[in-house]
Amino acid sequence: MKKSALQKARAAYQPKLPIALQGAVKVVEGKPTQSVADQETIQKLFPNTYGLPEIRFEKNSTAGQGKPVNVGVILSGGQAPGGHNVISGLFDGIKKIHRDSRLFGFLMGPGGLVDHKYIELTAPIIDEYRNTGGFDIIGSGRTKLEKVEQFDKGLEILRELGISALVIIGGDDSNTNAAILAEYYKAKNTGIQVIGCPKTIDGDLKNNLIETSFGFDTATKVYSEVIGNIQRDCNSAKKYWHFIKLMGRSASHIALECALQTQPNICLISEEIEEKNMSLSDIVSYIADIVTARAAEGNNFGTVLIPEGLIEFIPEFKRLIAELNELLGANADKVAGMDASALTQFIMSNLSAENVASLKGLPEGVARQLMLDRDPHGNVQVSLIETEKLLSGLVSAKLATSQKFKEVKGKFSALHHFFGYEGRCADPSNFDADYCYSLGFNASALINAGVTGYMSSIRNLVKPAVQWIPGGIPITMMMNIERRNAEDKPVIQKALVRLDGEPFRKFAEQREEWAHNTCYIYPGPIQYFGPTEVCDQPSMTLKYEHRN
């Protein structure tokens, strides 16, 4: 395989490990845990894996040789930078337990477990992928593990290969599946451990013990580089407003982090829009007012950051989408064979009058996307909705009738961007390379500790890597009950942007100045070699959240 100069140099990088994982470890148990909400219901659904204690690993001065262990690993859901290092850390960790330990990768996500498609991951294979981006070592997929038949099919191949532990690397839905699988295998007394690892560039899989999900740091640095490049061009040409949509369906962490890194003129935060009950018209007026104020100063240019899931947080559309999801979920069999015309008629005939009005008020293309395009969970595929074009079009229409905009002789010309896939498979930053390697190595320690239904946790992340605190938390601790596809389901609760949190407060303090002045920051590309203050810094979100 031909490699670039950077790939060759990165292959030699040795990720940093917490001191506690550099030798033998001992397990320190904390207090029993409970789910974040709906405790009674979650406990009934997970009687064998609920209420387990938090775990912390400390350095142990004495330890004997461990026994060989066969481990399976799955990459689940969308890609995130650093996945290969999780697998590398897991491989090195189980080899440290015993040199005869073996690692098997199930191909193309959870479907590989069910369909018995796998490869053994040997040292030569692992070495090809250290410190690289992507999930191509074994591929990823979005098959949901939720049926007994799937669990039993998986058990067949796990027993055939002598696998006693399965590591699932994924986001909130994938780790919810991991918790369900762990409960099933525990109830059946199979002896199979299930361990999760927190992955998602969206940043919405976190709590006090999972300080950040892996991939968030790298992806936001990639997006911020490109936003900075656009802002430099914007400030050079001085004639365009750039509307930039960023990944982040259920939370605005990516948009907020990129705003802190680049200081755009406008950044919309979905959680704030919902909190303030802002309508689509309110949002358009907010943007138009800033465009007009900048035009009055002769600045007919600017940047607007838009979170991918914005439309789901606008109150009138949140109500519309909720009713659509419920209607289509409850009538899944009935609508399955309908063509677009029949489905549209069915929806319009069964929605409330208020929501029909909201739907009719949208451009035809957006309305069609809301009604027809659904993901495997039955939800609207918000990434396909061109929110950036919707907003710029409405702003343009509003400015065209604005007397004030005419008085200041303003000009408005918009360009559009969507940054998503560009960041999902980037070579991991030093932070993500270290963090992911530690998560994988730590997963091997959880396996060696004999636990199941736990998520690998590395804390104290704003400190140098050697001071990080490894351990694990029960996945059930993060769960609540949510409405999915017209049914109540146990799921990991998404962590939204906290409006009382330090990252948002820092943003809110400065955004008015950013709006009216040109305060752009140009972060430049990720640096892999050089001084610590340039190469090893965590995200600004993480710094602000854990600032003393």
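## A short tour, starting at I290

Select I290 to begin: at 7% relative accessibility, this residue counts as buried. Keep in mind as you click around that this is a predicted model.

Now widen the view to the element around I290, which is helix 11, covering residues 280-296. Which residues does I290 contact once its neighbours within four places in sequence are set aside? Show the side chains of W241, I266 and A515, and you have them. Of these partners, try A515 next and draw a C-alpha to C-alpha distance from I290: you should read 6.5 Å, although the two residues are 225 residues apart in sequence.

Next, leave the buried site and look at the backbone elsewhere. Most residues other than glycine have a negative phi. With that in mind, select N189, which is not a glycine and yet has a positive phi of about 55°. Where is N189 found? Look in the loop that runs between helix 7 (172-187) and strand 7 (193-198). Turn on the surface here: N189 is exposed, because its relative accessible area of 68% is over the 50% cut-off.

For the last stop, select K409. Here again a residue that is not a glycine has a positive phi, about 55°. K409 has its place in a loop too, with helix 18 (403-407) on one side and strand 11 (414-419) on the other. Is K409 buried or exposed? With a relative accessible area of 70%, K409 is exposed.

To finish, display the stops together: I290, buried, then N189, exposed, and K409, also exposed.

Note on methods: Residues are numbered from 1 along each chain as its sequence is written. This is a predicted model: local features need pLDDT of at least 70, side-chain atom pairs count only at pLDDT 80 or more; totals for chains, interfaces and linings use all residues. Side-chain values use heavy atoms; hydrogens and water are left out. Helices (H or I, at least four residues) and strands (E, at least two) are DSSP runs, numbered from the N terminus. Buried means under 20% relative accessible area, exposed over 50%, partly exposed in between (1.4 Å probe, protein chains only). Contact means heavy atoms within 4.5 Å.
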